[in-house]
Structure formats: C-alpha cells, structure tokens
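I opened this notebook page to record what I looked up on cysteine links and strand pairing. The entries below follow the order in which I went through them.

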Amino acid sequence: MSLSRVAVLAAVAVTLGLTPAPATARPAPSQAASAAVPPKLIVTIVVDQFSANLFDQYRSRYSGGLRRMADQGLVSINGYQSHGLTETCPGHSTVLTGLHPAQTGIPANDWIDARTGKEVYCLAAPQNHLAHGRDDTDNGPVGPEQLRATTLGDWLKAASPDSKVVAVSGKDRGAINLAGHRGQAFWFTEGFGLTTYVEPGETAEAKLAPVTRFNADFNAWMAATPVAWDYRNADCRALAGDWTIRGQTFHSVLPPAGLKFDTSPLLDEQTLKAAEYLLDSQKLGQGAATDMLGVSLSATDRIGHMYGTQGPEMCEQMHRLDAALGEFLDKLAQVPGGVLVVLTADHGGSDFVERLHDHGYPQARRADTDAIKGVNAALKARLNLDADPLQSGGSGWMVADAQRRSLPDPLRTQVAEAAVEMLRALPDVAFAETRDRLLAEPLPDSRQPEMMTVRERMRLSTVAERSPDIQFAWAQNTTAGGRVGSTIAGHGTPWEYDRRVPILFWWPGATAEERFLPIRTVDIAPTLAHVIGVQTPRVEGRCIDLNGFAVADCPATEAAETTRGR
C-alpha cells in the first residue's frame, strides 16, 4: 500500500471515529440456535440494477440460487437504497460502509471539476495505473481514494490483519467499492481478462498474481467458445417483439443485435467462475481469521440499459443468473469455516418507456430535452450572459461557461436560483434545487426510507464540490435521450422502481424467514460487523437481527436508534 493510500485511510478512519476491536464473536445467547461459531467467510453479492420489482416478478420462476436464498434464507422484500441519485458507484458505496452517498463522498458515477470543467470519474486515481497496461481503457487509472468512508473490509483488516478481503466484478466500481481501501479488487477488461489497479511502488505482475492462472484459462475459453446467447426458456421466447424508439426499430429478440460478452449473461457466469477461483486459490474461509469475498454482477445492468427489463433478454438473464448463483452457493456450502451470504443491489431500474406506455402506463415518455434550451435562452436574456449557463454534468446541471468551468459568485448563485424556478415549471421535471440549499439542510433520518420525501432523498445524494450546482430529477416514468444499439432504458432517479432492492441473507442450514418492514442497504455493514464481532465506526445504518445466527441479538441501543456520522 502506498504512503498516499495509508494517509488517506488514516484520515478517513479518524474522521469516522474508527476504533479497531478484536475480530472475535460477541457472547452468544444460551439458546441452541446460537451455539454455532461466527462464519469464517462473509460473501457480499451485489447484482447491478436488480430492482425489488424484478426479483418479485421472477421469484416464482427461480429454481437455482435465487430460489434457494428466497426459500431458505432471510428475505427482506422491502430493501432500500435510501438516496435519490440511484447510480452504480454511489449505490455500491452504501453497501459495506453503512453510510449514504452524502457521507461516502460518491454522489454519482462521475462529476464535473468546477475549476477545470473536466469530468471526474467516481473512483479516479491519476497516480495509479491499470495492471493490463492500457490506462486509456476502462475508466482510466482508478483506486479507492475518492471513497471518503471506510468499509467492513477495512474494519476487519484493522482488527485482524491476517484476514483476506477480495472482490471481483464486471466493473471497476463494483469491485473497488466492495474491496474498500485495504482489499484486492479485480474486474474484467476487454481482451485481457481480470485486471486491477497498480499503485506507485507496486508492480502489475504482483498485483495480478492472484488471477494470472484464471486469466490464462479464461482467455483460452474465450478463444475456443463463440459468444452465444439464445433461448433456453419458453417463457422468454414469448416476450419477443418489435418497438419503435425515437424513430428506430428495436428488435427485442435473441440473439440480440451487436451481441458481446459484457452485455450478455456470460459476464455474470464468468464473474462467478472467477469468484469460485479466488475462493479456492486464496483459501478463503479456511484459515483462523475471518475472510471476505465481494462479488458484483454487472450483466443485469448492462442488459437492462441496452434491451430493457421486460423482454426476452432480461428474462433469459434472470434464469441464467439464478442457475449460476445456484452453482456458486453449492461451492460456498463446502467452505469448512462456514459462510454467511448477503445479496442486494446497488439500485433498481425500469423498462424503456415505449414498452411501458403500451403496457398500461400512458404517462411513460421521453422527456422534452429541448425545453432545457429554452431555459438557457431565458437565463441568457435575463442575466445578460454570453453563453448557455446550464451545462450537463454529474446527474444534474452545472452553472458554468462553455468549457463547463464554474461561473464566479455571486453570478453562479443568481443563475442557479433563477434556473431552479424555470426548471420547476417544466412539465417533465419533478425536482430541481440548488446544491447550496440542500447542503444547508441536515441529513434526514432515513430509518423509514419509504416515507422519505423526494427532497430528503436528494439531500442524501448531495456532496459539497462534487454534486452539480442544481440537483435534478425527471418525472416518474420519464427519461431523456435513448438510442437503439446503446442505452434505451436506465435508472438514477429517486423513484421507488430505482430505490427498492432485495436484501437477502443466507447460510447453509438457515431457517427461512420473510420480513416486510423496510431495511436499508446501509444496514448491511453494521449487521455483518456484529456477526463477526468487529467494531464499527459511527455509521448511519443499524444492526439487523438475523434470527439468532451465530451470535447474540443486536444490542438494544443499535436496534433502537441510529447513529449519525456527521
């Protein structure tokens, strides 16, 4: 670990009040169900863009891993990402930190540097390099420095240096957020296999050593196996059809046009193969210390964006993901030290609006983006400006010049406040507020996430300097842009279909239980920390009782009240 990383991690730990504690189990109650010792392996699975709606829709048709977790695990059918800007990077940042994006420092997948006008990726680390030797691919050099919070893996490593923390994903932001500051993160890159980031003073060879053999086998498999994706299930074939999207015809059929490995079920299947490889090669859960394995599955997200969620493409993805997870759980059940698995999502998603419209939602539509041009024209005339002041960036609007550099104050504030009033008058706009006004408000209580106002949700997505000058949301079932062959459906809104996610806990021999009262993804980290006996910093989430699994119930103070890391 480089000196810069050590300094960043130390500063984050001090800020959050992290006090390491021995990685030992808390005293267990006398009842027989709690006689077991804590598991030696914690597995966190995040299915990208896996909404609670999608889980519910296919629940009766699952027959593999998702069916096993649903029938034999603890199922929370009303899980929530509590914040408003539901994107991959901020959503992943909540799962193992116990904090909302306003506290993790990750408001979106990217933001605009107001001084330079340049886009900043959520995990950008220009001092690093990519292990596969191509810094101009993927999202460029990355690392965990932008994440201003520590994770469960960091807390575990502080208490138990011999513990192993590893994460694998189809995306860098999936792996790095789960690995934290002290873990190893691997993700797929085209034409290479699994890659990672290399910090100053490190070598690519050493960083890739844990996956070198996997990459050799994977590339041999890719060379010998054509990328194929066809029907395996009759219920999926029945969903095929043609749709007109912004004047183009979209053929919703398998195999899809432009088929690629990373926009097919193959991506998740190989990610789980990589997870199994790491499980075996790193001997996770087989030592004296507790280990952690993070698995972020990216195919549901990429398929949802490119093909929508209600066609044969997503149907086949649900069946194949379920089957692959079944094989993975079979493997986990053999871990000698015992395993606890949690599965959730970074955000939900929705189908493309043309199909929604024809399926009984007449309000579903593409937004009139030309209306923003009208707002810009009005602002220019009212404030005597030379260029359009509203520039898109970071899931909102920057008040900037043509190069996206921030306008000087007080002009910036004047423009932002005037723009908010104009934006609110547009029929396609549901929310608009200045970043400064939102930051002036305290963080809301999110313990009842289903009752939060849209403003409160957006406050939890607002970060000083990183969030745009204007936080913004289109109306429900309204989306901007869209192009056949690229993105036709998406997420990122404060609406329920993007916020509600499944949260499932499973371990071999678990007693099935279903809970309907809402819990949040920020509750996962303190819950897992309690199970393995690791002390948390001050977090927003609370410990959730797992039906007496391995340890005593959560302390009453943790279950009854939230602690805020302001």
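Entry 1. Before looking for links I fixed the criterion, under which a disulfide is a pair of cysteine sulfur atoms within 2.5 Å. I note here that I am working from a predicted model. With that cut-off I searched the whole structure, and the search came back with three disulfides.

Entry 2. I began with C89 and C122, whose sulfur atoms lie 2.2 Å apart and which therefore count as a disulfide under the 2.5 Å limit. This pair links distant parts of the chain, since C89 sits in helix α4 (residues 88-95) and C122 in the loop between β4 (119-121) and β5 (129-130), 33 residues apart. I then read the torsion about the S-S bond, which is 90°, and I recorded the link of C89 and C122 as right-handed. When I checked accessibility, I found C89 buried and C122 buried as well.

Entry 3. Next I took C236 and C315, which form a disulfide with their sulfur atoms 2.0 Å apart. Here the link runs from helix α10 (residues 234-237), which holds C236, to helix α13 (residues 312-332), which holds C315, and these distant parts of the chain place the two cysteines 79 residues apart. The angle about the S-S bond is -75°, and I noted the link of C236 and C315 as left-handed. Both C236 and C315 are buried.

Entry 4. I then turned to C543 and C554, joined by a disulfide with an S to S distance of 2.0 Å. I placed both C543 and C554 in the loop between α20 (524-532) and α21 (556-560), with 11 residues from one to the other. The link of C543 and C554 is left-handed, with -65° about the S-S bond, and each of these two cysteines is buried.

Entry 5. Counting the bonded cysteines along the chain, I wrote down the disulfide pattern of the protein as 1-2, 3-4, 5-6.

Entry 6. Leaving the cysteines, I looked up strand β16 (residues 396-399) and found that four bridges join it to strand β15 (residues 390-393), the two running antiparallel. Across this pairing, S392 stands opposite W397 in β16. I saw that β15 and β16 make a hairpin with two residues between them, and that G394 in the turn has a positive phi of about 65°.

Entry 7. How many bridges join β16 to strand β18? I found two, with β16 antiparallel to β18 (residues 470-474), and I noted Q471 in β18 as the bridge partner of G396.

Technical notes: Residues are numbered from 1 along each chain as its sequence is written. This is a predicted model: local features need pLDDT of at least 70, side-chain atom pairs count only at pLDDT 80 or more; totals for chains, interfaces and linings use all residues. Side-chain values use heavy atoms; hydrogens and water are left out. Buried means under 20% relative accessible area, exposed over 50%, partly exposed in between (1.4 Å probe, protein chains only). Two strands pair if DSSP finds at least two bridges between them.
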